[in-house]
Amino acid sequence: MSFPLVALGNPLLDLQIDTTTEVLDKYGLKANDAILVEEKHMPVFEEVLANPDKKIVAGGAAQNAARGAQYILPENSVVYFGSVGKDKYSELLLEANAKAGVKTLYQFQDKYETGKCAALITGHNRSLATDLAAANHFTPDHLKKPENWEYVEKAKFFYIGGFHLTVSPEAIYTLGQHAADNNKDFSLNLSAPFIPEFFKDVLDKSITFANYVIGNETEAAAYAKSHSLETEDLTEIAKYIAKEPRVNEKKNRTVIITHGLEPTIVVTYDAAADSFTVNEYPVHPLEASKIADTNGAGDAFAGGLLAGLVAGDEISAAVDKGQWLAKLSIQEVGPSFPYPKQTYSA
């Protein structure tokens, strides 16, 4: 049992409802955005829980991506780390991961309940409001327990959900340094506009370990703004990220930017040649009538991409797996995938 992929993130239970822009306005939320809640946002959870049509789905961006990668990869391929409470909600998350075949190594908290995310769906848009709770209390020593660290040592690929940059930078740096020291692959998702806006320094240090950086157009725009880049061109932003310093200079850095229905942009910087390779890959078409919701689409893309990279695919094939899995996910409710499993074919 090799478990080549280790993922680290914030485990959350998604409380999902279909709603209106008026509800978003009431709580100061935006469509297609993700925030950490403040006190003024807390009543949104009561409103969602009171909704008789609410859907409760296992969530957390990196956890979704981990399940997505395992959906494609052979058995015993993915290990997931995060922090949860000792409650019925973490039991639901464990069940979802077990069904997906993900090896779950949670850090359990006695004083905090499992984190939750209100996923407010308006049409094909989603707004995510997160109360991290127990997820905010992950510590690096959990990684370093001998029974856990052996999975780190045996892994060849690491994936960090950007939301975890607000929780335990030291845990990220620990995995990043291990990857660099052992010439392993390390990937990072920008995850939300507020990450480059408010956690710039942590993001910049985390990127030094990464040879794969994933994001979407709004996250790329926020990165450009926070780094005072005088451009809104996604390819130019990707080039800037790709050329940032690297701890492991043996590996080039590839930046993958998704853009809704627009082609996915992939930029790789070859440091030795001081040159960029730029490609664009059209997304898989899907009739609008078949879309259930887009909550988790980006996580599904990341999961499929990771599955391809872990399997040793060329970047073009890995991106195609990401787009294929995202297409499957948006036909399901929340960040989910169809069962029985469908098999990827190019």
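Modeller: Contact here means that heavy atoms lie within 4.5 Å, and the model under discussion is a predicted one.

Colleague: Among contacts in the chain between residues at least 6 apart in sequence, what percentage join residues at least 24 apart?

Modeller: The chain is built from 13 helices and 14 strands. Taking the contacts between residues at least 6 apart in sequence, the share that joins residues at least 24 apart is 72%.

Colleague: What radius of gyration does the chain have, and why does it agree with a compact globule?

Modeller: Along the principal axes, the C-alpha atoms fill a box of roughly 60 × 45 × 40 Å. Because a compact globule of 346 residues would have a radius of gyration near 20 Å, the value for the chain agrees with that expectation, being 19 Å.

Colleague: What percentage of the residues in the chain is buried?

Modeller: The chain exposes about 14,700 Å², of which carbon and sulfur atoms supply 49%. Of the 346 residues, the buried ones make up 58%.

Colleague: How many Å apart are the mean positions of the positive and negative charges of the chain?

Modeller: The chain carries 31 positive and 46 negative charges. When the mean position is taken for each of these two sets, the separation between them is 5 Å.

Colleague: Is Ile257 buried or exposed?

Modeller: Ile257 belongs to strand E12, which covers residues 253-259, and among the residues it touches beyond four places in sequence are Gly215, Ala220, Leu234 and Ile265. Its C-alpha atom is separated by 9.0 Å from that of Glu219, 38 residues apart along the chain. Because the relative accessibility of Ile257 is 0%, where the cut-off is under 20%, this residue counts as buried.

Colleague: Which helices and strands do the buried residues of H10 pack against?

Modeller: Helix H10 spans residues 217-226, and its buried residues are Glu219, Ala220, Ala222, Tyr223, Ala224 and Ser226. After H10 comes Ser228, with a positive phi near 55 degrees. The packing partners of the buried residues of H10 are E10, helix H8 (194-198), helix H9 (200-209), strand E11 (212-216), helix H11 (234-243) and E12.

Colleague: Which residue has its backbone oxygen 2.7 Å from a polar atom of the side chain of Ser187?

Modeller: Ser187 sits in strand E10, residues 185-189, and counts as buried because its relative accessibility is 1%. Setting aside residues up to four places away in sequence, Ser187 touches Phe157, Phe158, Tyr159, Ile160, Tyr212 and Leu306. The backbone oxygen that lies 2.7 Å from a polar atom of the Ser187 side chain is that of Phe158.

Colleague: Asn183 is not a glycine, so what is its phi, given that most residues other than glycine have a negative phi?

Modeller: Asn183 lies in the loop between helix H7 (169-181) and E10, and counts as partly exposed because its relative accessibility is 34%. Most residues other than glycine have a negative phi. For Asn183, phi is positive, at about 55 degrees.

Colleague: Near what value is the phi of Ala133?

Modeller: Ala133 is found in the loop between strand E8 (125-131) and helix H5 (140-144), where its relative accessibility of 17% is the reason why it counts as buried. Its phi is positive in a residue other than glycine, with a value near 50 degrees.

Colleague: Which residues does Glu332 contact beyond its neighbours within four places in sequence?

Modeller: Glu332 is placed in the segment after H13 and is partly exposed, because its relative accessible area is 26%. The C-alpha atoms of Glu332 and Lys290 are separated by 9.3 Å, with their positions 42 residues apart along the chain counted as the distance apart. Once neighbours within four places are left aside, the contacts of Glu332 are Ala292, Asp293, Phe337 and Pro338.

Colleague: Is the peptide bond from Tyr339 to Pro340 cis or trans?

Modeller: Pro340 lies in the segment after helix H13 (315-329). Most peptide bonds are trans. In the bond from Tyr339 to Pro340, however, omega is near 0 degrees, and the bond is cis.

Colleague: How far apart in space are Ala50 and Asp293, C-alpha to C-alpha?

Modeller: Ala50 lies in helix H2, residues 43-50, and counts as exposed because its relative accessibility is 62%. In sequence, Ala50 and Asp293 are 243 residues apart, while in space their C-alpha atoms are separated by 21 Å.

Methods
Residues numbered from 1 in each chain as written. Predicted model: local features only at pLDDT ≥ 70, side-chain atom pairs only at ≥ 80, totals over all residues. Heavy atoms only, no water. Helix = DSSP H or I, 4+ residues; strand = E, 2+ residues; numbered from the N terminus. Rg over C-alpha atoms; globule rule 2.2 N^0.38 Å. Buried < 20%, exposed > 50% of the residue type's maximum accessible area, 1.4 Å probe, protein only. Areas by Shrake-Rupley, 256 points an atom, 1.4 Å probe, with all protein chains shown as cover. Lys, Arg positive; Asp, Glu negative; His and termini not counted. Charge placed at Lys NZ, Arg CZ, Asp CG, Glu CD. Polar contact = N/O pair within 3.5 Å; in protein donor to acceptor, adjacent residues only side chain to side chain.
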